Amino acid sequence: MHQSADPHAARHSQVRVRGAREHNLRGVDVDIPRDALTVFTGVSGSGKSSLAFGTIYAEAQRRYFESVAPYARRLIHQIGAPKVDSITGLPPAVSLEQRRSSPGSRSSVGTVTLLSNSLRMLYSRAGTYPPGAGRLDSDAFSPNTAAGACPSCHGLGRIHRTSEELLVPDPELSIRQGAIAAWPGAWQGKNLRDVLEALGHDVDRPWRELPAKEREWILFTEEQPVVTVHPVRDADRIQRPYQGTYMSAHRYVMRTFADSKSATLRARAEGFLTDSPCPVCAGRRLRPEALAVTFAGHGIADLAGMALTELDRVLADAVTGATTTAAADADADAAATAASGEAARVLAEDLRSRIGPVVELGLGYLSLDRAAPTLSAGELQRLRLATQLRSGLFGVVYVLDEPSAGLHPADTEALLGVLDRLKEAGNTVFVVEHDMAVVRHADWLVDVGPLAGEHGGRVLYSGPPEALAGVEESATGTYLFGAPEPARSRPVRAATGSVRVSGAGLHNLRDVEAEFPLGVFTAVTGVSGSGKSTLVGQVLAREVTERMAEPDFPVRRLVEVDQKPIGRTPRSNLATYTGLFDVVRRLFTAAPQARARGWKAGRFSFNVPGGRCETCQGEGFVSVELLFLPSTYSPCPQCRGARYNAETLEVRYAGLNIAEVLALTVESAAGFFAQVPAAARSLRALQEIGLGYLRLGQPATELSGGEAQRIKLATELQRMRRDHTLYVLDEPTTGLHPADVRVLVRQLQGLVEAGHSVVVVEHDMAVVADADWVVDLGPGGGTEGGRIVAAGTPAEVAAAGTGRTAVYLARALAV
């Protein structure tokens with residue numbers, strides 16, 4: 001390892017890591033200066049996150065637990081400590097990781113940033129109340145409290161309803177034939193049918209012939225009568241009467257939608273519901289008395305719905321007005337009014353100071369009432385980062401996970417300023433990052449590699465950025481000091497057709513007319529919030545879907561590859577999602593030990609009883625509830641993460657048991673299954689897209705959004721068809737090192753060469769420069785965006801000079 005001389009030479013000014021062995025790290029020793037901005041770099045899967053988060057932050061968290069109550073200390077034994085010999089000089093740490101879990105439906109931009117608290121206080125203390133109305137506490141302006149929530153929709157702003165038409169889509173069927181489509185399947189649905197029959201209802205008569213009053217009771221009653229059921233089963237089965245409880249279809253759907261932990265069941269239940277604004281609060285979520293209070297002529301729901309840039313302007317005007325009023329009233333000796341004006345000024349200025357960092361980080365297009373689940377991981381992390389600027393913490397280590405993810409190059413410059421301010425406030429900033437602009441800005445680099453997985457895990461260099469040039473093994477150095485090859489090395493392709501959208505006005509789009517050529521690679525660009533994802537993911541996708549019904553429309557398939565998780569628990573993994581695990585289970589079922597014991601494929605499934613470990617029910621992990629912190633997962637104490645019981649693990653295929661196969665990386669598995677065509681095809685697709693470092697059984701909870709997206713793309717690539725397909729991807733290079741970006745772009749260009757069309761929403765100018773066509777939206781975000789500012793070949797858009805993309809695209813083309 002190349003370790004440069006540390007300008008902060010004293011030991012107490014360094015974080016000293018010795019013998020780090022977490023994941024693929026190979027006994028790493030490294031010294032990192034404190035009170036500096038350090039960037040951890042390396043190709044995807046090299047081990048940089050294992051060092052920054054899995055080792056340094058995890059050890060800081062463990063020490064925090066050690067310092068608190070005995071109850072919390074006991075949890076350490078369940079969670080485990082990072083595999084490292086020692087870490088010295090480590091201050092308390094704050095993690096701003098891009099969390100994989102989704103925030104709750106009540107969480108919003110306002111609650112994440114705490115801006116909602118300030119806005120509620122403003123209305124409580126300085127709002128204009130109707131004549132005779134009493135002053136309300138700030139809680140009365142929150143839709144998440146009993147004091148403030150609209151009693152009709154419970155503060156959600158929307159009402160979920162169902163109808164007979166939704167619950168019974170085919171009234172020609174009888175109940176026995178499955179007329180009530182909303183009922184559950186299998187035994188539970190048969191049980192409800194048998195209960196209805198026992199209650200005296202005709203389950204063999206077509207639904208439309210049943211009396212209206214009877215249909216109403218069956219579907220919507222809140223009663224839950226209990227009756228003795230005498231089931232009619234197969235002749236060879238024992239038939240015992242039982243006590244059955246009836247539940248109406250409406251009650252079943254609502255309970256499943258609200259309470260089920262299964263995303264599949266919730267999605268099915270949602271299909272029988274309509275979603276509409278609450279008729280009482282008109283979607284504004286609050287009680288009438290709170291909605292009647294105004295500030296600067298606006299209700300609180302109005303301000304919460306404004307883009308933050310617009311909200312800041314309203315508050316600025318209000319502050320000016322409040323200052324003038326207070327001065328005039330003071331001259332008139334109206335002390336009470338002056339005090340109210342002064343309160344408005346102080347509270348509004350405080351709120352503006354909190355909005356400032358959010359706008360600075362390129363998120364001014366968001367509104368306070370924007371639901372947190374609709375935000376990207378990068379947006380959520382930057383909101384938390386903006387909040388930290390106001391926290392006043394001193395002497396801590398901030399550990400950030402790719403804060404530039406989803407940022408246009410123009411917004412990255414503001415991000416660098418925020419990172420500098422965190423450092424200048426007396427903190428140490430560790431950033432895992434791929435954006436070369438952030439890497440160049442660092443005080444110190446820790447480069448991990450040289451490659452991914454078992455071919456990485458070493459610190460190649462630790463020192464100032466400029467000295468990385470001398471490290472030949474470093475992929476980062478190759479790109480930090482100039483791209484290894486021109487951004488564009490081929491002529492622009494000619495389109496084979498086009499899809500035109502016109503009059504698009506969804507969200508912030510302003511009557512947009514756009515043409516997307518077919519048979520080429522198209523990049524859609526623009527600053528955050530300019531309308532790119534809306535135009536591509538919703539408007540274009542809808543237009544293509546509708547037109548595919550036309551026999552002469554050239555596109556026959558639409559494939560949208562997003563960054564949503566491939567699963568939300570450790571039970572979902574790479575092998576199950578790609579279908580590879582079905583092949584693996586068949587191979588183990590055919591093994592001699594399995595055949596001798598009469599085992600079927602189900603024995604090797606960790607989703608059903610039999611072969612799985614019952615302590616963790618096949619997850620390999622158990623959930624540890626921390627009460628005062630978010631719950632976490634730790635390896636199962638019984639199977640130690642193997643997922644299976646000891647007897648199942650006795651069966652081997654080519655010398656490995658099934659847990660050991662799941663522990664293989666994609667690269668290792670490609671060699672192991674080289675003679676199994678069905679497995680080799682899946683593994684080759686994953687390797688070619690740069691995911692050779694992932695383990696077959698790697699839980700979905702450990703995958704980044706970018707990794708999940710590339711797994712989905714690889715799954716599509718292995719089932720490629722001849723029909724003209726339009727592939728739509730939203731920021732596919734998120735979380736990718738420039739070396740990995742080249743691998744991904746090669747695959748996407750290969751799709752175009754095969755006669756398909758590709759449209760990507762993208763911020764990486766190297767990718768945009770290699771496109772055939774560019775559609776640039778802007779000029780800003782939110783209400784300042786939503787228009788096409790330029791469209792054409794990369795060279796034409798760069799030369800046009802309009803919009804904020806042109807200058808950065810010109811630089812990329814000049815390389």
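**Exercise 1.** In this predicted model, determine which side chains of β20 are buried and which are not.

*Solution.* Step 1: sort the side chains by face. R557, V559 and V561 point to one face of β20, and L558 and E560 point to the other. Step 2: apply the cut-off, under which a residue is buried if its relative accessible area is under 20%. R557, V559 and V561 are buried, whereas L558 and E560 are not. Step 3: relate this to the general pattern. In a regular strand the side chains alternate between the two faces of the sheet. The side chains along β20 do alternate.

**Exercise 2.** Find which strand β20 is joined to by five bridges, and in which sense the two run.

*Solution.* Step 1: the partner is β23, and the two strands run parallel. Step 2: take one bridge as an example. R557 has T725 in β23 as its bridge partner.

**Exercise 3.** Place β20 in its sheet and state why one side of it is left without a neighbour there.

*Solution.* Step 1: write the strand order. The open sheet has six strands, β20-β23-β24-β19-β25-β26, with mixed pairing. Step 2: look at the edges. β20 (557–561) and β26 (787–792) each have a single partner strand, so one side of each lacks a neighbour in the sheet. Step 3: add the twist, which averages 15 degrees from one strand to the next. Step 4: add the helix. α25 (residues 705–717) packs on the sheet and touches β20 and β23 (725–730). The direction of α25 makes about 155 degrees with that of β20.

**Exercise 4.** Describe how β25 and β26 pair.

*Solution.* Step 1: β25 (residues 773–778) pairs with β26 in the antiparallel sense, over five bridges. Step 2: within this pairing, V775 has A791 of β26 as its bridge partner.

**Exercise 5.** Explain why strand β2 is largely enclosed, and identify strands that pair with it.

*Solution.* Step 1: count the buried residues. In β2 (residues 14–20), six of the seven are buried, so the strand is largely enclosed by the rest of the structure. Step 2: β2 and β3 (residues 28–33) run antiparallel and are joined by five bridges. V15 stands opposite I32 of β3. Step 3: β5 (residues 86–88) also pairs with β2 in the antiparallel sense, over three bridges. Here R18 stands opposite S86.

**Exercise 6.** Work out how many residues of helix α20 are buried and what they pack against.

*Solution.* Step 1: eight of the 10 residues of α20 (residues 580–589) are buried, and the helix is mostly covered. Step 2: among them are L580, F581, R585 and F588. Step 3: the buried residues pack against α19 (574–578), α21 (592–596), α22 (658–662) and α24 (677–688).

Technical notes:
Residues numbered from 1 in each chain as written. Predicted model: local features only at pLDDT ≥ 70, side-chain atom pairs only at ≥ 80, totals over all residues. Heavy atoms only, no water. Pairing = 2+ DSSP bridges. Helix = DSSP H or I, 4+ residues; strand = E, 2+ residues; numbered from the N terminus. Axes fitted to C-alpha atoms, helices over the stretch in contact; angles between N-to-C directions. Contact = heavy atoms within 4.5 Å. Buried < 20%, exposed > 50% of the residue type's maximum accessible area, 1.4 Å probe, protein only.
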